[in-house]
Amino acid sequence: MDSITLTADLDALAKISAFITAAAERCGLDERATWQVQLAVDEAVTNVIQHAYDPDQPGDLTLSWQCRDHRFIITVRDHGRQFDPAAVPTPDITSPLEERQVGGLGIYLITRLMDEVRFEFSPQGGNLLTMVKYLPHDQPDPPDEVVVIPIADRIDAQTAPRLAKQASEQIAKGARQIVLDLSNVPFLSSSGLRALLLIRKELMTLGGELRLAALQPQVHEVFAITGFTQVFNIHPSVAEARAAFSQRR
């Protein structure tokens, strides 16, 4: 196990990033997995820096790592205020941006980016966060199946949260290649566009991809007016969208 102990202030972030990046490369993680680990560690230590200690009395944090049993194991320890992850509300990723409450995204990202996450506390040991990333040998083969979600309704301020929830449920089950079949969607508002952007962002964070298929002319016009035809992968049919995943176009 290799460790680094630093004062828990924002000046430590660059050193921590370099330390964990070198460790990930030594353990054989690819570029995407290394990026996921970098982001998870940054979110974890930023939480410590901002919340564990008083700003005028920063304590220490210790970041450790080891490769064992085809796992890249990372721990973050601090002796600041006790952290209770259960007290952190689940972030709202479905409501319109202007209606959301700030907070909870850091832990949400950590749990989505890492394969295992555990929080522990003891009076002697302080707060201990353990994060595990499976090395290539242990990673299950990613599903090749493309998930098609048919939508048969308007996508507006009322229905957009349901669409976002439906997509998130598929992503939670492991879907990384999603096609939204919009052939039966007669109307799309700005709230619908925001929901689609959130789905796309959630997939991209996990290395996945969203494609849209069979847009009706009036719906396609909304994308054209807003310039979102340059943001989304849009295909004339579901079959073409499915085929494009293998061709990556």
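Salt bridges are a good place to start: this predicted model has 7 of them by the rule used here. One set is a network that joins Arg 71, Glu 116 and Arg 118. From there, the tour moves on to an open sheet of 5 strands, a helix lying across part of that sheet, and two residues worth a closer look, Thr 21 and Ser 183.

**Salt bridges**

- Side chains of opposite charge can pair when their charged atoms come close.
- In the network, Arg 71 and Glu 116 meet through their side chains, with 3.6 Å from N to O. This pair links distant parts of the chain, as Arg 71 belongs to strand β3 (residues 71-78) and Glu 116 to strand β4 (residues 116-122), 45 residues apart.
- Glu 116 also forms a salt bridge with the side chain of Arg 118, at 3.1 Å from N to O.
- How accessible are the members of this network? Arg 71 is partly exposed, at a relative accessible area of 25%. Glu 116 is partly exposed too, at 23%, and Arg 118 counts as partly exposed with 40% relative accessibility.
- Another salt bridge brings together the side chains of Arg 211 and Glu 209, at 2.7 Å from N to O. Are these two residues buried or exposed? Both Arg 211 and Glu 209 are buried.

**The sheet and the helix across it**

- Strands of a sheet pair through backbone hydrogen bonds, either parallel or antiparallel.
- Here, the 5 strands follow the order β1-β2-β3-β5-β4 in an open sheet, and their pairing is antiparallel.
- Which strands sit at the edges? They are β1 (2-7) and β4, each of which pairs on one side only.
- On average, neighbouring strands of the sheet are turned by 15° against each other, direction ignored.
- Strands β3 and β5 (residues 126-134) run antiparallel and are joined by 8 bridges. To find this pairing in the structure, look for Thr 75, which stands opposite Thr 130 in β5.
- Helix α2 (residues 31-52) lies across β2 (60-68), β3 and β5. The helix runs at about 10° to β3.

**A closer look at Thr 21**

- Thr 21 is part of helix α1 (residues 12-26).
- Why does Thr 21 count as buried? Its relative accessibility is 15%, and buried means under 20%.
- Which residues does Thr 21 contact, leaving aside neighbours within four places in sequence? They are Thr 34 and Gln 38.
- With Gln 38, the link is also a polar contact between the two side chains, at 2.5 Å.

**A closer look at Ser 183**

- Ser 183 sits in a loop, between β7 (177-181) and α5 (190-205).
- With a relative accessible area of 29%, Ser 183 is partly exposed, because this value falls between the 20% limit for buried and the 50% limit for exposed.
- The side chain of Ser 183 makes a polar contact of 2.8 Å with the side chain of Asp 181.
- Not counting residues up to four places away in sequence, Ser 183 touches Ala 213, Ala 214 and Gln 216.
- Pro 236 is 53 residues from Ser 183 along the chain, and the C-alpha atoms of the two are separated by 9.4 Å.

Key: Residues numbered from 1 in each chain as written. Predicted model: local features only at pLDDT ≥ 70, side-chain atom pairs only at ≥ 80, totals over all residues. Heavy atoms only, no water. Helix = DSSP H or I, 4+ residues; strand = E, 2+ residues; numbered from the N terminus. Buried < 20%, exposed > 50% of the residue type's maximum accessible area, 1.4 Å probe, protein only. Contact = heavy atoms within 4.5 Å. Polar contact = N/O pair within 3.5 Å; in protein donor to acceptor, adjacent residues only side chain to side chain. Salt bridge = Lys/Arg side-chain N within 4 Å of Asp/Glu carboxyl O. Pairing = 2+ DSSP bridges. Axes fitted to C-alpha atoms, helices over the stretch in contact; angles between N-to-C directions.
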